[in-house]
Amino acid sequence: MISQKLLSYTLYSKCHKYVQIVQCRNIQVTVIGAASEIGKNVALLLKLNSLITRLHLYDDDNTVHGIGLELARTPGGPTVTSFTGDNFLPPAVRYSRLILMVSRIPRKLGYTRDQMLAANALPVQKICRTLPEHNPDAFFAISSNPINSIISFASALLNNYKTFNKYRLFGITNIDTARARALLGNALNVNPRHLHVPVIGGHSDNTIVPLFSNILPSHYSITQNQAETLTRLLRKSGNEVLNLKVGIDAATLAMAWSINEFIEHLLEALCGGYSIVNSFTANPHFGTKFFSGPNKVGPTGIIETCSSFVMSEYERSLLDQAVPIINREVAQGEDYIREIEASKYF
Ligand code: LMR
């Protein structure tokens, strides 16, 4: 069971860069959805990562070749290869240690995250059908909304294909901790890079539960009023961006930034170290099948999921309200498989 103390220590250690990377060679990463706004920005950030040897960019949209060529002709970093079309999905994913799937279809004004299931399920399904034969052992990290349903959907599909590994499937929810840190940094007037705030629950308006009572380093704290204000701001951050972008696009740059930070942590683990990532992951400790929070990852996958936190009364009541919503949204993902069984991918 992951203890609060261990988590605090590990987060604090990371904060002070004590993470040890024991061995690292030959890491290939695939980005699916690389021609999307989020995908191309993540690809650029990953091109700067010295732990990656080869970067594979895949998208159904053949402009991915232009993005691939641009990055291939920037000096340094991983070699870049682009792929498009169903026939090229297997070579795009084969031999990758880490497969990242980003949303190709951004949320538009008027849509809540849970209404994105129909838009994002089919591309996820396509990858889930490819992995069993071509790369069953990779870490598979998904950032497509609605995370609370897409992860249960992907798990159930992979389970049907006898390839589900609960230790290697991650819903990326680092955006919530990244925003919590930024908001808190402003409130405390300190550099947010030195702050940690666990954010638990799920990734939809009423399931994001930041634990401002657990700030690290622990000599920082905020008042109850501040915690309530920051929680409200955090929960509406995605919608605020969408409104200010006049409904054309949800957050893409912040998503890319936070996905890149998440991938950096997974790469540290794949290279023989240990790290903590904020992910929506199989986790039975809070009364749901899947749950988002800080989880410990090692070279073979998740080693410990978060299991308990000391919470304020306010945080406890937010969590109590979130749990039935998460359960409903997880069930929606599992149920959705039946609805698409007749789709062209079957
Ligand atoms: C976010 O939180 O910004 C993302 O989930 C993207 C979105 O649709 O809001």
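## Close-up views of a predicted model

**View 1. Ile-99 and the residues around it.** Setting aside neighbours up to four places away in sequence, Ile-99 makes contact with Thr-30, Ile-32, Val-93, Leu-131, Asn-135, Ala-138, Phe-139, Phe-140 and Ala-141. This picture, like those that follow, comes from a predicted model. Ile-99 itself sits in strand β4. Is Ile-99 buried or exposed? Its relative accessibility is 0%, so Ile-99 counts as buried. For a sense of scale, look for Glu-133: its C-alpha atom is 14 Å from that of Ile-99, and the two residues are 34 apart along the chain.

**View 2. Helix α2 and its buried face.** Helix α2 covers residues 37–47. Which of its residues are buried? They are Ile-38, Gly-39, Val-42, Ala-43, Leu-46 and Lys-47. Looking down the helix axis, you will find these buried residues within an arc of 165°, so they line one face of α2. The cover over them includes four strands, β1 (28–32), β2 (54–58), β3 (79–83) and β4 (98–101), and also the helices α3 (64–72) and α9 (253–270). Strand β4 is familiar from View 1, as Ile-99 lies in it.

**View 3. Asp-59, a buried acidic residue in a loop.** Follow the chain out of β2 towards α3 and you will meet Asp-59 in the loop between them. Although it belongs to a loop, Asp-59 has a relative accessible area of 1% and is therefore buried. What does Asp-59 touch, leaving aside neighbours within four places in sequence? Its contacts are Gly-33, Ala-34, Ala-35, Ser-36, Val-64, Phe-83, Thr-84, Gly-85 and Arg-104. Do not expect Arg-316 in this frame: its C-alpha atom is 41 Å from that of Asp-59, with the two positions 257 residues apart along the chain.

**View 4. The cis peptide bond before Pro-146, and Ile-147 beside it.** The peptide bond that runs from Asn-145 to Pro-146 is cis, and its omega is near -5°. Most peptide bonds are trans, so a cis bond is worth a pause. Pro-146 is placed in the loop between β5 (139–142) and α6 (147–160). Ile-147 belongs to helix α6; with a relative accessible area of 0%, Ile-147 is buried. Beyond four places in sequence, Ile-147 touches Ile-142, Gly-171, Ile-172, Thr-173, His-203 and Phe-280. How far apart in space are Ile-147 and Ser-204, which are 57 residues apart in sequence? Their C-alpha atoms are 7.9 Å apart.

**View 5. Ser-149, also in helix α6.** Ser-149 is found in α6, the helix that also holds Ile-147. Ser-149 is buried, as its relative accessible area is 1%. Not counting residues up to four places away in sequence, its contacts are Leu-117, Glu-329, Gln-332 and Gly-333.

**View 6. The cis peptide bond before Pro-217.** Here is another cis bond to look at: the one from Leu-216 to Pro-217, with omega near -5°. Where along the chain is Pro-217? The loop between β8 (208–210) and α8 (224–244) holds Pro-217.

**View 7. Lys-162 and Asn-189, with positive phi.** Most residues other than glycine have a negative phi, so a positive value invites a second look. Lys-162 is not a glycine, yet its phi is positive, at about 60°. Its place is in the loop between α6 and β6 (169–172), and with 75% relative accessibility Lys-162 counts as exposed. Asn-189 is likewise no glycine and has a positive phi of about 60°. Asn-189 lies in the loop between α7 (174–188) and β7 (199–201). A relative accessible area of 70% makes Asn-189 exposed.

**View 8. Stepping back to the whole protein.** To place the close-ups, it helps to know that the protein has 10 helices and 11 strands. Its C-alpha trace spans about 55 × 45 × 40 Å along the principal axes. The radius of gyration is 19 Å, which agrees with the value near 20 Å for a compact globule of 346 residues. Of these residues, 58% count as buried. Among contacts between residues at least 6 apart in sequence, 73% join residues at least 24 apart.

Conventions. Residues numbered from 1 in each chain as written. Predicted model: local features only at pLDDT ≥ 70, side-chain atom pairs only at ≥ 80, totals over all residues. Heavy atoms only, no water. Buried < 20%, exposed > 50% of the residue type's maximum accessible area, 1.4 Å probe, protein only. Helix = DSSP H or I, 4+ residues; strand = E, 2+ residues; numbered from the N terminus. Arc of directions from axis to C-beta. Contact = heavy atoms within 4.5 Å. Rg over C-alpha atoms; globule rule 2.2 N^0.38 Å.
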